[in-house]
Amino acid sequence: MRSPEGEVSVDLTGKRSGRGAYLCPSAACLAKARKAKRLEHAFGVPVPDEVFERLTEEMACAEQAVKEAMPRGE
């Protein structure tokens, strides 16, 4: 999300004040968005590497949680 001051950060709750952008919870989706500079376009400002690093970590955790939740044998 981009704050009214122009700072870009990760808001997993979606409740902070500012402009948000939706990303599907997939590392592949994030990689495509980064390569095409979709977040920069959505926010109108450069997105720091730290934001992409945090998003990458969150996506990995989400994907791992999905794998663990699936029954064995599927």
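**Note on the predicted model: helices, salt bridges and a buried serine**

1. T56 is found in helix 3. This is a predicted model, so keep that in mind throughout. T56 is partly exposed, at a relative accessible area of 43%. Now look back along the chain to S26. The two residues are 30 apart in sequence. In space, their C-alpha atoms are 8.9 Å apart.

2. What does S26 do at helix 1? S26 caps the N-terminal end of that helix. One of its side-chain oxygens lies 3.2 Å from the backbone nitrogen of A28. Helix 1 covers residues 27–35.

3. Next, the other side of helix 1. K37 sits just after this helix. Its phi is positive, at about 55°.

4. Now the charged pairs. Side chains of opposite charge can pair when their charged atoms come close. How many salt bridges does the model have? The count is two. The test is a side-chain nitrogen of Lys or Arg within 4 Å of a carboxyl oxygen of Asp or Glu.

5. Take D49 and R34. Their closest N and O atoms are 2.9 Å apart, so the pair falls within the 4 Å cut-off. Which parts of the chain does this pair link? D49 belongs to helix 3, residues 49–69. R34 belongs to helix 1. The two are 15 residues apart, and the bridge links distant parts of the chain.

6. Are D49 and R34 buried, exposed or in between? D49 has a relative accessible area of 45%. R34 has 36%. Both values lie between the 20% and 50% limits, so both residues count as partly exposed.

7. The other salt bridge joins the side chains of R54 and E58, with N to O at 3.1 Å. Here both partners lie in helix 3. They are four residues apart, about one turn of the helix. An α-helix has 3.6 residues a turn, so residues three or four places apart point the same way.

8. How accessible are these two partners? R54 is partly exposed, with a relative accessible area of 35%. E58 is also partly exposed, with 26%.

9. Last, S3. Where does S3 lie? The residue is in the segment before helix 1. Its relative accessible area is 13%, which means buried, as the limit is under 20%. Leaving out residues up to four places away in sequence, S3 touches S17 and G18.

Methods. Residues are numbered from 1 along each chain as its sequence is written. This is a predicted model: local features need pLDDT of at least 70, side-chain atom pairs count only at pLDDT 80 or more; totals for chains, interfaces and linings use all residues. Side-chain values use heavy atoms; hydrogens and water are left out. Buried means under 20% relative accessible area, exposed over 50%, partly exposed in between (1.4 Å probe, protein chains only). Contact means heavy atoms within 4.5 Å. A polar contact is a pair of N or O atoms within 3.5 Å; within protein, one must be able to donate a hydrogen and the other to accept it, and residues adjacent in sequence count only if both atoms are side-chain atoms.
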